[in-house]
Amino acid sequence: MKGFEVDPVNRRLRIVNGSRVVATTDGTLINLIPTLHTFSGRTVDFPDPPKGEIRGWRGFQQVEITVSTDEYLQRQTTQTWYCRNSQELETAQDLVTAPAGADIFVGWVRLSRTTGPTHPWWGVTINPLPPISSWIPWNGSGWIEGSMGLTRLLHLVIEGGKLRLVMQQSVGPKVGGAGGTFGIYPPSSLFARRVEGSGGIFFEVNSSGVPVWTSSSATVTRTLSTSSPLIYNPPDYIDRHPSLGSFPVVADPTNYRSVYSVDVKGYFGRRS
Amino acid sequence: MPMTAYREFPAAGVVALFDEAPGGGDPKDITSLRNRPARFPESWLANVYLHNLLNNMEVVIDQTVGITHAAFASASGEFDPGTAATDRYDTDATQVDFDLVTHNLGYEPLVLVALGDDILTPGYPVQNAPVTNGSGRYCCPFVTTTKVRLHEYRTRAISGLPSVARSYRVLVMRQPRTPTGRMLREFNPTTGALSLGRDTFNSGRRYLQVVPGGSPFGLSHGRTMDAKRGAPRFVAPDGTIFDPIPNTANVRFLDGPQPPSEPYSYNGSFTGDGAIQVQAP
């Protein structure tokens, strides 16, 4: 059968072409309103997450006592790991009110990153994941950026009767052991007198998140060495870690903000 | 009582199949209250089944394309080796683009790309590790004025993923046709095709449809991803959930027996916003 069927029994009208049902009042076609909606240059801003810091101290002691000379070396190193604290963030911008009866938006999204992170996150450069400067037939949600403990999403959806562009950012939980201070030795008697190789590691934490970056520039080392005679009384003996605040502060150079310019175009419609 | 009607209004150049609006009036007069869905279809979408002024997503290309995705290696390893470490996980700096279909339409068309019975969302997982470990391969279609292309990106874990072959079905939809001729309705007895609205709709063509039976594809409706605890979740149109980061992923300092963090895996409750089943018979 080809043509137009009126089915009074099932109260149905159908346009058929052989075995194909091309249109029917049972609801087959997707009807799109021919008006093309365009939204150009919308800014989607993934902010730099809240910052934190973990500072670690490592101390090491060497003592060598010989017949002719004694040598004593004490090396203390502090290092800063810059962190981003855990976060769940969502920001929406309304593009336009959907026409009455419209329950779908069929269209495209084009992304351009105008600002990117200044440093790698967990050793990985944060690059956009979807294609850039190309029209993407968009359906639902897209994964924009990601790394260990970081996910950035973009949703284009009809919610609450409006077409909305929604930015979502999630940052993972704090590193293990990060409960204020922690170390592998008690906070006293880290350097035992005359004990070769004694020392310790100690962390001070001002963070509730993921350590994302560190570098040799964030490392400050103090070395104390001297030679004979020592035996019983090494100079400037320190028996425990110092306050990490006594070491020079290395300012956090990182900024993980990403900003995208987003173009959207498409049509509202309804599943008939 | 409102009824379902097929009406033609030659003076207005309108042909429509619709549920009447309340209010009655002369059925032959497009300005009657009952005929508002025919006169203002953009405001009465819920009443309209067919209207020559609406775009019904005509499918002009339907091709299945085989793509072989290359193997990739594991993640690069610990961050700041010896001091802070975790189970390995990162996003691969390598991204790959493939050509799917050359359409040469001269504009960026509406396109649906399906894998199995799912239509790809922007960043759809096309390959997972046999045991979830963080590795995943994701694809996102994009279009130019001449081609439909596929963009691949990856996440890597303690092991990568082997090469895999996938078949993508590509449906390309053209822009609405310009009206031609003078006939609002014409039936071709030779081909059996019904032409409506000056041939803007023709039953000899293929249109994306929501139909029972057949072999439909799931087209997601609403959000398709969520994020929690720094990790993503994907929900496919068929409801399949993929959390690429396992519960074993954590962050700790290597020095001393430092305890691990909470898992860096997804711990939300998103299960998808549903899907409609479409095909182009």
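How many residues of chain B are in contact with chain A, and how many residues of chain A are in contact with chain B? In this predicted model, the contact involves 89 residues on the side of chain B and 88 residues on the side of chain A.

The size of an interface is often given as the accessible area lost when the parts come together. For chain B and chain A, the area buried between them is about 7500 Å², and 66% of it lies on carbon and sulfur atoms. Polar interactions are also present, with 25 residue pairs in polar contact between chain B and chain A, both residues of each pair being at pLDDT 80 or more. On the side of chain B that touches chain A, strand S11 (residues 136–143) of chain B gives the most, with five residues, and by class that side holds 51 nonpolar, 25 polar and 13 charged residues. The count of salt bridges between the two chains is three; the side chains of A:Glu159 and B:Arg223 meet in a salt bridge with an N to O distance of 2.9 Å.

Within chain B, three strands form an open sheet in the order S19-S20-S21, and their pairing is antiparallel. Strand S19 (225–228) and strand S21 (241–242) of chain B each have a single partner strand and stand at the edges, so one side of each is left without a neighbour in the sheet. Four bridges join S19(B) to strand S20 (residues 231–235) of chain B in the antiparallel sense, and B:Lys228 has B:Ala231, in S20(B), as its bridge partner.

Definitions and conventions
Residues are numbered from 1 along each chain as its sequence is written. Chains are lettered from A and ligands numbered from 1 in the order in which they are written. This is a predicted model: local features need pLDDT of at least 70, side-chain atom pairs count only at pLDDT 80 or more; totals for chains, interfaces and linings use all residues. Side-chain values use heavy atoms; hydrogens and water are left out. Two strands pair if DSSP finds at least two bridges between them. Helices (H or I, at least four residues) and strands (E, at least two) are DSSP runs, numbered from the N terminus. Contact means heavy atoms within 4.5 Å. Buried area is the accessible area (1.4 Å probe) that two parts lose on being put together, summed over both. A salt bridge is a side-chain nitrogen of Lys or Arg within 4 Å of a carboxyl oxygen of Asp or Glu. A polar contact is a pair of N or O atoms within 3.5 Å; within protein, one must be able to donate a hydrogen and the other to accept it, and residues adjacent in sequence count only if both atoms are side-chain atoms. Ala, Val, Leu, Ile, Met, Phe, Trp, Tyr, Cys and Pro count as nonpolar, Asp, Glu, Lys and Arg as charged, and the others, Gly among them, as polar.
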